[in-house]
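Trainee: Could you take me through one part of this model slowly? I would like a close look at how the pieces of one chain meet, and what lies around that meeting.

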Amino acid sequence: MNEVNIAADKIWNGVVPTMAEMAAEGKIPEILFWVGCAGSFDERAQQITKSICKILHYVGMSYAVLGTEESCTGDPAKRAGNEFLFQMQAITNIEVLNAYKVKKIVTGCPHCFNTLKNEYPQLGGSYEVIHHTQLIQQLIDEGKLKTQDGESFKGKRITYHDACYLGRGNQIYEAPRSALQVLDAELVEMKRCRSNGLCCGAGGAQMFKEPEPGKKEISTERIEDAIQAKAQIVASACPFCMTMLRDGVKHKEKEQEIQVLDIAEITARANGL
Amino acid sequence: MIAQLLFLIILAAAIFLFSKNAGKIRRNILLGKDTGRSDHPAERWKTMAKVALGQSKMTKRPVAALLHLFIYMGFVIINIEVLEIMIDGLFGSHRIFSKPLGSLYGLLIGSFEVLALLVLFSCVVFLARRNILKLKRFSGKEMTKWPRSDANYILIIEILLMSAFLTMNAADYKLQQLHFGHYLQAGSFPVSAWLSLLLPASPQSLEIIERSCWWFHIIGILAFLNYLPYSKHFHILLAFPNTYYSKLTPKGQFSNMPSVTNEVKAMLDPAFVPETIEPGRFGAKDVTDLTWKNLMDAYTCTECGRCTSVCPANITGKLLSPRKIMMDTRDRITEVGNNLDKHGKDYNDNKNLLDDYISREELWACTTCNACTEACPVNIDPLNIITDMRRYIVMEESQAPASLNNMFGNVENNSAPWKYASADRLNWAKTN
């Protein structure tokens, strides 16, 4: 690591601005960072959240979070068939978002992303919604993020696991990959990738229930693809995929060989953040 | 003259019977609920041109795609020949297109022959894939005796039709060379010229062969047409409207039920005046709770199993098979339609799509990953049916699995699917 190159004020100090604080000062941030439930409460996913904060702070983008005013988007309820609960969540969230005059949102989770982007407009909540991998791609394209100051991924075999709600769900295949392409790493694809990508097993509210009886865990099936691709790092872009992929790695006892990292974490590390 | 009359009667009967049965399917599809699918016509035509006409989604499996393309092109192009056969049959003419088309006729007949051979070849390979190689995709618990036989019947019928077509041409070619009767010099026969070497030399026998093959071929086609409404092969017709009415919004976007919006808004704001929406149940218990597009999907399904072969639940041994969801939906709506015909409107057979056809275990195994909808070459959406049935189980019956009920409770009370206090939501920022 070569931290000397980074000015002290560009290193995130752990302070997270909230919309309420900003509003009290009469300010509206450029972008709202929608953290999501996993990003807020899941210990592993909190690391992804922090990496996103580090990146936002580093590039000097004015942002804020909703903090305790944020509430589940309703995605798991909707996929499980509880449309009532989903719309209750959606309408309540939309009231909060509209009250803060939110225009642009970046999410740390493809499920929040999909729900906010596609399912909120009809209910009165229209915002420009992007996923953090799209933001990272944009920052790289603008030259605001370089990969010269941080951890080197040179020669590492990295494979990207497509999150269903980014890939098939919203046709976002390139943004996460382009964030990896600047690393000088050895990028490999799993046999099932892009539109053929295999689900990690968490979607459709499966994250919150035991799987139905079968002969195998979906996460095991998926991590076998990564093992076959001889990947050292499995890059993910979704906190639920993260949980599932790590389960798969544990199940195959490959903790020493395979690391699961979010695109945001990889980007933050590569930039020495 | 008698032959012409006979042909006319057979043709009329075939068309009448087909219209009647196709009309029944249309009626069954329209038993479904309305769903707006007439927006963006330009984009819809484009989707149909690309996916149905252009077979764009078949290419994911190149071998099947190429063989299917042969059969598809054979079907579409050889139909020009069928048109000629119809006219000849009705007016007692022979190869009526040969004069007006001139040298183009030879080219056409030649290409039909090549296509017929390719169709023949593809059907043989497809039969082998199903019955000798036994590809996994063509098995599964929903692939019971009838679906398996149906697939084989289709392939065998096509082989017979193409063989009759080529043998007819071979006899015709040989008769042409003998300058026999009305067999004028017309067409070119790159395939059947070889076949003709196997045929007898006597013009009388040749004429019998030519005529029998002609009749076998055309009656076969008309019989096949009437087989379609009973078969998965109906996809050759429904693929076009079904892709036209595709879902155009992102795959990740699920519909927001307007009936629920009404209730939620009324709950949150007592002053809210709900729009009038016809009352009905939330979600789907039976096929008539589904939309007409769901039902059209079901009749369009050709049971290829691409959906099931990419389904993460199915791959890992769970009960769910998206293909079964579609086949069950089709079988049930057909049953509902038959009941309607037999017993009238008010009859209730006390059966439902849920439980009698599709089990809850299947429905709860879905990860909503959209692999099935992505894989379907004709844009069928099993996920939409699964979600709608989950909605019925959750909102009408409150019978979600206990762990999901816990999750619902957490979302409602703690604003997160887990049991963490809402007030702790920003605690992550305090721990570095």
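**Where two domains meet**

Mentor: Happy to. Chain A is divided into domain 1, residues 3–137, and domain 2, residues 147–270. Please keep in mind that this is a predicted model. The centres of domain 1 and domain 2 of chain A, taken over C-alpha atoms, are separated by 22 Å. Where they touch, 29 residues of domain 1 of chain A are in contact with 28 residues of domain 2 of chain A.

Let's stay on the domain 1 side. The elements of chain A that give two or more residues to the side of domain 1 touching domain 2 are α2 (37–41), α3 (43–58), α4 (75–79), α6 (110–119) and α7 (132–141). Of these, α3(A) gives the largest share, eight residues. By class, that side of domain 1 of chain A has twelve nonpolar, 13 polar and four charged residues.

Now for the buried interior. The largest nonpolar core has 150 residues, and those with the most contacts inside it are A:F33, A:A235, A:F240, A:C241, A:L245 and B:M389. The largest share of this core, eight residues, comes from helix α17 of chain B, residues 382–396. Take A:L245 as an example to click on: leaving aside neighbours within four places in sequence, A:L245 is in contact with A:H161, A:C200, A:S219, A:R222, A:I223, A:V234, A:S236 and A:V260. Apart from the largest core lies another, of 35 residues, with B:A64, B:M162, B:W214 and B:I221 among them.

Chain B also deserves a look where it meets chain A. That contact takes 55 residues from chain B and 54 residues from chain A. On the chain B side, the helices that each supply at least two residues are α10 (258–268), α13 (312–315), α15 (360–364), α16 (371–375), α17 and α18 (402–414). The residues on that side of chain B divide into 31 nonpolar, 16 polar and eight charged.

One last stop in chain B is a record to set beside the model. An unreviewed UniProt entry carries the annotation "transmembrane region" for residues 6–23, 63–83, 103–128, 151–171, 183–201 and 213–230 of chain B. Two of those stretches are worth viewing in turn. Over residues 151–171 of chain B, the chain is 100% helix and 0% strand, with the end C-alpha atoms 31 Å apart. Over residues 183–201 of chain B, the chain is 21% helix and 0% strand, and the end C-alpha atoms are 15 Å apart.

Conventions:
Residues are numbered from 1 along each chain as its sequence is written. Chains are lettered from A and ligands numbered from 1 in the order in which they are written. This is a predicted model: local features need pLDDT of at least 70, side-chain atom pairs count only at pLDDT 80 or more; totals for chains, interfaces and linings use all residues. Domain bounds come from an automatic or database domain assignment. Two residues are in contact if their C-beta atoms, placed from the backbone, lie within 7 Å. Helices (H or I, at least four residues) and strands (E, at least two) are DSSP runs, numbered from the N terminus. Ala, Val, Leu, Ile, Met, Phe, Trp, Tyr, Cys and Pro count as nonpolar, Asp, Glu, Lys and Arg as charged, and the others, Gly among them, as polar. A nonpolar core is a set of buried Ala, Val, Leu, Ile, Met, Phe, Trp, Tyr and Cys residues joined through C-beta atoms within 7 Å. A residue is buried if 20 or more other C-beta atoms lie within 10 Å of its own, exposed if 12 or fewer, and partly exposed in between; C-beta atoms are placed from the backbone. UniProt positions are given in the numbering used here, feature names are shortened, and annotations may be inferred rather than shown by experiment.
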